[in-house]
Amino acid sequence: HAFTARWFGARPWISLYALGGLASYRPQDLNPRVDPTLRSILISFAGPAAGFLLADIVIAVLETLGYEYQVAGLHVALDERVANISPYLYFLVSNLLFINIMWGILNLIPVYPLDGGQILRAILERLMGIQGIIQTIMTAIILGGAIAAYAAFQ
């Protein structure tokens, strides 16, 4: 997020918390010649995209070295030969894949304030004005409730 905001002219700062972080910037610093909706979508998508890119790099290294892997649902399985090299390496690689793929997917769910919700807000605000923000919040409430209900019954 921060690199993309910087690319659009902002001077971002990052605050780290126990379960993540927050990239912030002053919107008035952004390049006014770039469409604000496109800018917002690209800045929001940059976080998940960076995670997917890191996962792709890890997968490319695994494939280059001849190791097998499988990402299925909420589980990442690696070639046992990686564990034979080091259980710590196995832990690191499997968690890098899991976190960067699953967190990216989770973060793209259109629930505000996740990145997917930020993208939805930018699109709906462009199409509907202030009503788009209200629709984004309603979508977040409905999807959040549905996800909570699904989790409760699992």
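**Group meeting: a walk through the model, starting at D35**

D35 is partly exposed, with a relative accessible area of 31%. On the scale used here, buried means under 20% relative accessible area, exposed means over 50%, and partly exposed is in between, with a 1.4 Å probe and protein chains only.

A word on the source. This is a predicted model, in which local features need pLDDT of at least 70 and side-chain atom pairs count only at pLDDT 80 or more, while totals for chains, interfaces and linings use all residues. Residues are numbered from 1 along each chain as its sequence is written, and side-chain values use heavy atoms, with hydrogens and water left out.

Back to D35. Its side chain meets that of R126 in a salt bridge, 2.6 Å from N to O. By salt bridge I mean a side-chain nitrogen of Lys or Arg within 4 Å of a carboxyl oxygen of Asp or Glu. The two residues are 91 apart and link distant parts of the chain: D35 is in the loop between β2 (20-24) and α2, and R126 is in helix α5.

How many salt bridges does a search of the whole structure find? It finds two. The other one pairs E125 with R121, their closest N and O atoms being 2.8 Å apart. Both sit in helix α5, and because they are four residues apart, about one helical turn separates them. Is R121 buried or exposed? R121 is buried, at 17% relative accessible area, while E125, at 31%, counts as partly exposed.

Now α5 itself. This helix covers residues 115-128, 14 in number, and reaches 19 Å from first C-alpha to last, close to the 20 Å expected; the expected span is 1.5 Å times one less than the number of residues. Its buried residues include I119, L120, A122 and L124. Their cover includes α2 (36-64), α4 (87-107) and α6 (130-152). On the approach, P113 lies in the loop between α4 and α5, and a cis peptide bond with omega of about 15° joins Y112 to P113. Most peptide bonds are trans. Just after α5, G129 has a positive phi of about 70°.

Next, the whole chain. It has six helices and four strands, in the order α-β-β-α-β-β-α-α-α-α. These are DSSP runs numbered from the N terminus: helices are H or I, at least four residues, and strands are E, at least two. Buried residues make up 31% of the 154 residues.

What is in the largest nonpolar core? It has twelve residues, among them A55, V58, L78 and L97. α2, β4 (75-78) and α4 each supply at least two of them. A nonpolar core here is a set of buried Ala, Val, Leu, Ile, Met, Phe, Trp, Tyr and Cys residues joined through side-chain atoms within 4.5 Å. Leaving aside neighbours within four places in sequence, L97 is in contact, meaning heavy atoms within 4.5 Å, with residues including A55, V76 and M102.

Last, the surface. I57 is found in helix α2 and, at 46% relative accessibility, counts as partly exposed. With L53, L54, V61 and L65, I57 forms a nonpolar patch of about 450 Å² of accessible area. Patches take residues with over 30% relative accessible area and no salt bridge, joining like charges within 9 Å and nonpolar side chains (Val, Leu, Ile, Met, Phe, Trp, Tyr) within 5 Å. Areas come from the Shrake-Rupley method with a 1.4 Å probe, and for residues only the protein chains shown count as cover.
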